[in-house]
Amino acid sequence: MGSSKLRFGISFNEEMSEEALDGRMLLLLSTDDSREPRFQISDGPDTQLAFGIDVDGLTPGEKAFIDGGVPGYPLKNMADIPPGEYWVQGFLHIYETFHRSDGHTVKLPMDRGEGQRWNLAPGNLYSTPRKLFVDPAGKEPVFISLDNKIPPIDDPPETKYIKHVKIQSKLLTEFWGRPMYLGAHVLLPEGFDEHPEVRYPLAVFHGHFPHTFSGFRETPPDPDMEPEYSERFDWPGYNLTVEEQAYKFYQWWTAPDTPRVLAIEIQHANPYYDDSYAVNSANLGPYGDAITYELIPYVEEKFRGIGEGWARFLYGGSTGGWEALGAQVMYPEEYNGCYAACPDPIDFRAYTVVNIYEDENAYYLESRFKKTPRPGRRNYLGHVSCTLEDMNLKELVLGNRSRSGNQWDIWQAVYSPAGEDGYPKPIWNKMTGEIDHEVAEYWRENYDLGYILRRDWETLGPKLQGKIHIYCGDMDNYYLNNAVYLVEAFLESTEDPYYGGEVDYGDRAEHCWNGDHSRPNALSRLRYNQMFITKYVDRLIKNPPPGADLASWRY
């Protein structure tokens, strides 16, 4: 590896901030001028370049220098940058200081309404991209001024059907040492105002941070919308398809024979990610309790929910799939069923393609004479677009100490104990991939859902009978089907009681497959509400608990 003499000095003036700032300073370089460099950092082969350092108490006018000793992605060293013309941009992702109730003081990026997307977070500073000739051998420093600030995000509007709630959580406020909030987008059933005496079951749709209730549109698609091609689905005009399906959801929701339930999407963005994984955590705090015992009762009281465990169910895909199963397992009597599609790893013997208990290295399958990289993402034909090492090194550049706001870091933040410095203990070394098996044991005992089901089935089984439903494509892009196979094997072996649910796979189906064999994944992934609300109500009607009111809300 060569060395680079090139240095970039990045600063902001008092107009951007009169106060000193903490955060992650990023240098972004791109050969593509179709978008700003801040929107071109990704896991895939088309990613552009990023380098990052922490800044603590950076004052107006003071320069933060990024040079050859700063970690980069996908090129690890500035000396490896091919000389040439680049669009260059500086970016500061701002951190806030938290004094937690566990005694730790940490600096983290608080969500500001954007769902932990560093390149869109209000208040963050960035420079106008400049076209420069970049040469790693260059000796003259390059100075960049952060001359833009991302503006606040407006609250979403309410409609006849969609309402928004936000509460200050007592539990989370106590943990974080500052006011912390939970929110929900509530979809009211047709006839809600005309039937003021009716109380409704609650459908809890888990997933990533939603700006409003996702996939619901009360007007036909915009006829003037410019069609956009989806490379992922090889689908011309997929943006039009999304709007069409959202309008069809509205038509289904208001149809005479649709089940009348309350549906909510929860807003629980936090200093580590766009949601909390809906469980209690040493690093994120008691989000599981806050959602189950503070937010959901508040919603049910305000919007006439039945307010009993038999009348609540969970569903979602990917992160939401893990949350649906995780909350059902952690709170078995508070919910009456989970429908978990393409869930994040639910058994850590298959943490995507890593067995964290037996493997020594997450990035490589090591043998006597070679190191075989472990894949991170594939398509339905098995073609790999990035490795696990790629994905983790990108996160390390965007934010060390689990602060990237990305996938591997949030898993680590949720599942790990807090380290001596107050940040999550790493499951593996981000630079080398070496696994810490002591941390892995903590993960097993507290968050490995497959292990918890096996360990506690004698007491959990009677509470979960008939409630577990899991769906996954057998060519999931992130190999999430591997963990589902392991959990399915246990569930099918259960006795006294037999689990009595469903596990199903889509042939050659990629990520977000949800059990629909009749439609392509590009469409079925837009129909979670129609599918799972119908499945839950059908199951409830066939197996009602004693004394359950199944009549008043089925008008």
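**Exercise 1.** Which residues do ring pairs link into a cluster?

*Solution.* The model examined here is a predicted one. Ring pairs join Tyr273, Tyr277, Trp322, Phe348, Tyr351, Tyr363, Trp408, Trp411, Tyr415, Trp428, Trp443 and Tyr447 into a cluster. As for the total over the structure, there are 45 aromatic pairs.

**Exercise 2.** Classify the ring pair of tyrosine 247 and tyrosine 250, and then that of tyrosine 528 and phenylalanine 532, and relate each pair to its helix.

*Solution.* Begin with tyrosine 247 and tyrosine 250, whose rings are 5.8 Å apart centre to centre, with 25° between the planes. Planes under 30 degrees apart count as stacked, and the pair of tyrosine 247 and tyrosine 250 is accordingly stacked. Because tyrosine 247 and tyrosine 250 are 3 residues apart in helix 2 (residues 238-253), about one helical turn separates them.

Turn next to tyrosine 528 and phenylalanine 532, where the ring centres are 5.7 Å apart and the planes stand at 80°, so this pair is edge-to-face. Tyrosine 528 and phenylalanine 532 are 4 residues apart in helix 11, and therefore they too are separated by about one helical turn. Finally, both tyrosine 528 and phenylalanine 532 are buried.

**Exercise 3.** Describe the largest nonpolar core, and follow the contacts of one of its members, tyrosine 315.

*Solution.* The largest nonpolar core has 125 residues, and the members that touch the most others are Tyr315, Leu453 and Leu491. Helix 11 (residues 528-542) supplies the largest share of this core, with 7 residues. Apart from this core lies another, of 29 residues, which includes Ile10, Ile81, Leu92 and Ile144.

For tyrosine 315, residues up to four places away in sequence are set aside; among those that tyrosine 315 then touches are Tyr528, Asn529, Phe532 and Ile533, and also Ala203, Val204, Phe205 and His206. As background, nonpolar side chains tend to be buried together in soluble globular proteins.

**Exercise 4.** Locate asparagine 400 and work out which side chains it meets through polar contacts.

*Solution.* Asparagine 400 belongs to the loop between helix 5 (388-398) and helix 6 (407-415). Once neighbours within four places in sequence are left aside, asparagine 400 is in contact with Arg24 and Asp54. With aspartate 54, asparagine 400 shares a side-chain polar contact of 3.0 Å, while the side chain of asparagine 400 also makes a polar contact of 2.7 Å with that of arginine 403.

**Exercise 5.** Which ring faces do arginine 7 and arginine 444 lie over?

*Solution.* Arginine 7 is placed over the face of phenylalanine 65, 4.0 Å from the ring centre. Arginine 444 is placed over the face of tyrosine 451, 5.6 Å from the ring centre.

Terms used
Residues are numbered from 1 along each chain as its sequence is written. This is a predicted model: local features need pLDDT of at least 70, side-chain atom pairs count only at pLDDT 80 or more; totals for chains, interfaces and linings use all residues. Side-chain values use heavy atoms; hydrogens and water are left out. A nonpolar core is a set of buried Ala, Val, Leu, Ile, Met, Phe, Trp, Tyr and Cys residues joined through side-chain atoms within 4.5 Å. Buried means under 20% relative accessible area, exposed over 50%, partly exposed in between (1.4 Å probe, protein chains only). Helices (H or I, at least four residues) and strands (E, at least two) are DSSP runs, numbered from the N terminus. Contact means heavy atoms within 4.5 Å. Rings of Phe, Tyr and Trp (its six-membered ring) pair if their centres lie within 6.5 Å; planes under 30 degrees apart count as stacked, over 60 as edge-to-face and the rest as tilted. A charge sits over a ring if NZ of Lys or CZ of Arg is within 6 Å of the ring centre and within 35 degrees of the ring normal. A polar contact is a pair of N or O atoms within 3.5 Å; within protein, one must be able to donate a hydrogen and the other to accept it, and residues adjacent in sequence count only if both atoms are side-chain atoms.
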